[in-house]
Amino acid sequence: MERFALSAIDVYRFESEYLRTNMFVLFSDGKALIVDPHPDEEAAALLKEKNARQTTVFLTHEHPDHTYGLPWLKEITDFQLICHRKCAETIAVERNNRPMLMTFVLEQKDEENGTRLTEKFNREFKPFTFKADMVFDDTFSFDFGGIPFCFMATPGHSKGSCCIKMNDTAVFTGDNLIWDTPVITRFPGGSLKEFNEKTKPYLDALPDDILVLAGHGRVFKMKEAR
């Protein structure tokens, strides 16, 4: 777990053991905000300790390593879910949430490292469906802790990908921008053309000093990626 503060909001980063996917948990004024949930005992204990009276979940996109924590989270707290319409349409259908690609990657990691992550993941993961409470097509704004969080549809990695900017302080980029890793557009629903036409100009226009909270790996400033 990594902890830091942004505009007087406490931010916690939890990394999954499977694909090192980041979950961000924010607290402000008795409320919680969670970006891309995955099961984590330490995060569950923190949510219980903070006893937030209201919880909101953002999804940066629909890939299972960023969504498979939804059923787990529903067991420990009620929340409203906000995501892009294409993301919402995907997670509403069970067959779309079967993590075949995620399992394939884990099998490769197990073979390389002598681990048994695939076996453990298959025990924990159960197919699911989920209904979003709020969806958007292009842009959307949500207030948390008196700060606007501005959503922008950013296709290319997937149809339902988005970036979420917290003022000019930080931006949640999902898998659109990861430290020292080229964006992947070869997965189903991905498009290099859409990424270059819409998402890349959005990322290029971000301020140098904005903090990038990516879907995997470390937190960094935009200028480090240029």
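**Exercise 1: the first hairpin**

Find how many residues separate β1 and β2 in their hairpin, and which residue in the turn has a positive phi.

*Solution.* Start with the turn: two residues lie between β1 and β2, and Ser7 has a positive phi of about 50°. Before going on, keep in mind that this is a predicted model, in which local features need pLDDT of at least 70 and side-chain atom pairs count only at pLDDT 80 or more, while totals for chains, interfaces and linings use all residues. Residues are numbered from 1 along each chain as its sequence is written, and side-chain values use heavy atoms, with hydrogens and water left out.

Next, look at the strands. Strand β1 covers residues 2-6 and strand β2 residues 9-15; they run antiparallel and are joined by five bridges. Here strands (E, at least two residues) and helices (H or I, at least four) are DSSP runs, numbered from the N terminus, and two strands pair if DSSP finds at least two bridges between them. Leu6 faces Ile9 of β2.

Finally, return to Ser7. This residue is not a glycine, yet its phi is positive. Ser7 counts as partly exposed because its relative accessibility is 38%; the scale calls a residue buried under 20% relative accessible area, exposed over 50% and partly exposed in between, with a 1.4 Å probe and protein chains only.

**Exercise 2: the open sheet**

Work out in what order the seven strands of the open sheet lie, and which strands stand at its edges.

*Solution.* Trace the strands first: the order is β1-β2-β3-β4-β5-β6-β7, with mixed pairing. β1 and β7 (134-136) are the edge strands; each has a single partner strand, so one side of each lacks a neighbour in the sheet. From one strand to the next, the twist averages 20°.

Now add the helix. α1 (residues 41-50) packs on the sheet and touches β2, β3 and β4, and its direction makes about 155° with that of β2. Such angles run from 0 to 180 degrees between N-to-C directions, with axes fitted to C-alpha atoms, for helices over the stretch in contact; contact means heavy atoms within 4.5 Å.

Then zoom in on one pair. Strand β3 (residues 22-28) joins strand β4 (residues 31-35) through five bridges in the antiparallel sense, and Ser28 stands opposite Lys31. The loop between β3 and β4 holds Asp29, which counts as exposed because its relative accessibility is 57%. Beyond its neighbours within four places in sequence, Asp29 is in contact with Arg53 and Gly145.

**Exercise 3: around β10**

Decide whether strand β10 is mostly covered or mostly uncovered, and find its bridge partners.

*Solution.* Begin with burial: β10 spans residues 162-166, and four of its five residues are buried. On one hand, β10 runs antiparallel to strand β9 (residues 147-153), with five bridges between them; Ala153 stands opposite Cys162. On the other hand, β10 pairs with strand β11 (residues 170-174) over three bridges, again antiparallel, and Ile164 has Phe172 as its bridge partner. The hairpin of β10 and β11 has three residues between the strands, and Asn167 takes a positive phi near 50° there.

Then move past β11. Asp180, in the loop between β11 and α7 (192-204), has a positive phi of about 55° although this residue is not a glycine. Asp180 counts as exposed because its relative accessibility is 68%.

**Exercise 4: the largest pocket**

Determine how much space lies in the largest pocket, and which element gives the largest share of its lining.

*Solution.* The volume comes first: about 880 Å³. A pocket is an open set of points on a 1 Å grid over the protein atoms alone, where a 1.4 Å probe fits, with protein on both sides within 12 Å along at least five of seven lines; lining residues have an atom within 4 Å of a point. Grid points are joined across faces, edges and corners, and the volume is the space filled by probe spheres set on them.

Next comes the lining. Of its 32 residues, His63, Asp65, Leu101, Asp175 and Phe187 are the closest to the centre. The elements giving two or more residues are α2 (64-67), α4 (85-91) and α5 (100-113), and α5 supplies the largest share, five residues.

Last, sort by type: 15 are nonpolar, nine polar and eight charged. Ala, Val, Leu, Ile, Met, Phe, Trp, Tyr, Cys and Pro count as nonpolar, Asp, Glu, Lys and Arg as charged, and the others, Gly among them, as polar.
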